[in-house]
Structures are given as structure tokens and as C-alpha cells.
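Biologist: I'm new to reading protein models. Could you walk me through one, feature by feature?

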Amino acid sequence: MSADAPHILLVDDDARLAQLAGRFLAEQGFRVTRAASAGEAREKLGFMDFDLMVLDVMMPGETGLELTADLRGERAAAMPILLLTARDTPEDIVAGFEAGADDYLGKPFDPRVLVARIRAMLRRAAPPALPAGPVQMGQALFDPERGELVSQSARVRLTGSELALLTAFAARPHEVLSREALAGVLGLDDVNERAIDVQVTRLRRKIEPDPREPRFLLTVRGKGYSLKPGA
């Protein structure tokens, strides 16, 4: 297997599922490292680099949701995370996105769907087409070439999904991007409006002085969202 193949960290305490999923991913050309707990995942993240993490939600001890939320403030802030769980109600899915996950897949799942989701997430994480230059949003400045958001002289961490969304908005300022278009940016197979709204809400928290009264990333009722840069 090529050393350039995407490296996946597969975290699940179900040994049989992890073995089967890991084998299938390897057959599809991925490098796979397995961990049976959040603690073991942290250990591997400490000395290995990964392109994406597939993470079970319900595990003994620290849950996948807790690990996701914690990692979003750590060194793995931009690494795409796909959550796996048997609990896939709308409330569970929203909780996953609010914790910082990039996608969500319910158990049981077809391994081909898992692979399709992973490939879509990796495409989304690849360097996108860039806007002409930095975009000002009040005290926040987004540099698409560096994939960097700075607010009040401090760098703001962005998840892969947040970076993809902000880049898409910055490339088309003042235009309305529909939820369908944003689903495409996020690599989602279907338009889960609530999931998209959650990601936009998370992004607003990082660029708006008051996310409850947005000045720059605006909702256009019945159409989608629009970015209006300005001082």
C-alpha cells in the first residue's frame, strides 16, 4: 500500500465491527490504524498523523461526542471526524454536529457507504478554489490562501467543515448559497437542513460579534445564507 494513501484512525470498542470495517477500508486503498477507546485514540494522535477519524459515539468511559468536542480545541482541530452510532435520531445527529463532527453515519451501515462518506469528506478537506484575497468581517479577517481566520489578533481554529463553508462563502460574497449548494460543499449525500444550520451556527460563533444578531453571515429566508463582508 502506498505511503501516500489516506490514513484513517478507526475508533470503536466493538472489536468485530472494527476488524471488518478496517479490513474493508484497507481493501479500498486506505491505511487504517485502530483504537478501542478514546484514551487509546489520544495516544495514537500523540505520535501519528491522520487524514480522518472514524469514531464510535457510545464507548465505555469517554464517549465519542466528548472526544470530538475536546479535540476541536486541540491539535486535531481541523481533522475531519465521522461519527458512528446506533442512535441516529435528529437530536443525536444535531448533538454530533454541535460537538464538531463533520459527518454522521448510523449503525448498522453498508461499508460501501462508509467508504463513500470518507472519500467525500477527504475531497472536502482538500484545498478548495480560493477567493481573490482576504475577507474582512468586522474584527475577523479570513485569509483563504492560508486557510486562516484571525480575530482580534488571535488565530481562530476552524474545523474542516467550517473552513470549507467559509471558503465557499468568501468566494461568492453577497450571493445567496442555498442549503443544497452548502450540502455539496460539505460533501453530504442529502440535504439535512438542520445539520447545515448547525454548521452555519458554529461558524457564526467564530466570525460574528454577536452570533444571535449576525451582521456578516446572514440568513435569507427561504433561500439559504449569504456572506456580506465589511468593517
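Modeller: Sure, we'll go from the sheet to its helices, then to one arginine and a few loop residues. Keep in mind that this is a predicted model.

Biologist: Let's start with the sheet. In what order do the five strands of the open sheet come?

Modeller: The general idea is that strands of a sheet pair through backbone hydrogen bonds, either parallel or antiparallel. Here the order is E2-E1-E3-E4-E5, and the pairing is parallel.

Biologist: Which strands stand at the edges?

Modeller: Strand E2 (31-35) and strand E5 (103-106) do. Each has a single partner strand, so one side of each is left without a neighbour in the sheet. On average, neighbouring strands are turned by 20° against each other, ignoring direction.

Biologist: Can you show me one pair up close? How many bridges join strand E3 to strand E4?

Modeller: Four bridges link E3 (residues 52-56) with E4 (residues 81-85), and the two run parallel. Look for Leu55, which stands opposite Leu83 in E4.

Biologist: And which strands does helix H2 lie across?

Modeller: Helix H2 (residues 38-47) lies across E1 (7-11) and E2, running at about 135° to E2. Helix H3 (residues 64-71) lies across E3 and E4, at about 145° to E3.

Biologist: Now the arginine. Is Arg202 buried or exposed?

Modeller: The idea is to check relative accessibility, where under 20% means buried. Arg202 has 11%, so it counts as buried. You'll find Arg202 in helix H8 (residues 193-207), where other buried residues include Ile196, Val200 and Leu203.

Biologist: What does the side chain of Arg202 make a polar contact with?

Modeller: With the side chain of Glu162, at 3.3 Å. Leaving aside neighbours within four places in sequence, Arg202 is also in contact with other residues, among them Arg72, Phe97 and Thr159.

Biologist: What span should the 15 residues of H8 have?

Modeller: You count 1.5 Å a residue, which gives 21 Å for H8. The end C-alpha atoms of H8 are 21 Å apart, so that agrees.

Biologist: What about the loops? Which residues does the cis peptide bond join?

Modeller: Lys107 and Pro108, with omega about -10°. Pro108 is in the loop between E5 and helix H5 (111-125).

Biologist: And where does Ser153 lie?

Modeller: In the loop between strand E8 (148-151) and strand E9 (154-156). Ser153 has a positive phi of about 70°, although it is not a glycine. With a relative accessible area of 77%, Ser153 is exposed. His174 has a positive phi too, near 75°, and is exposed at 53%.

How values were computed
Residues are numbered from 1 along each chain as its sequence is written. This is a predicted model: local features need pLDDT of at least 70, side-chain atom pairs count only at pLDDT 80 or more; totals for chains, interfaces and linings use all residues. Side-chain values use heavy atoms; hydrogens and water are left out. Two strands pair if DSSP finds at least two bridges between them. Axes are lines fitted to C-alpha atoms, for helices over the stretch in contact, and angles run from 0 to 180 degrees between N-to-C directions. Contact means heavy atoms within 4.5 Å. Buried means under 20% relative accessible area, exposed over 50%, partly exposed in between (1.4 Å probe, protein chains only). A polar contact is a pair of N or O atoms within 3.5 Å; within protein, one must be able to donate a hydrogen and the other to accept it, and residues adjacent in sequence count only if both atoms are side-chain atoms. The expected span of a helix is 1.5 Å times one less than its number of residues.
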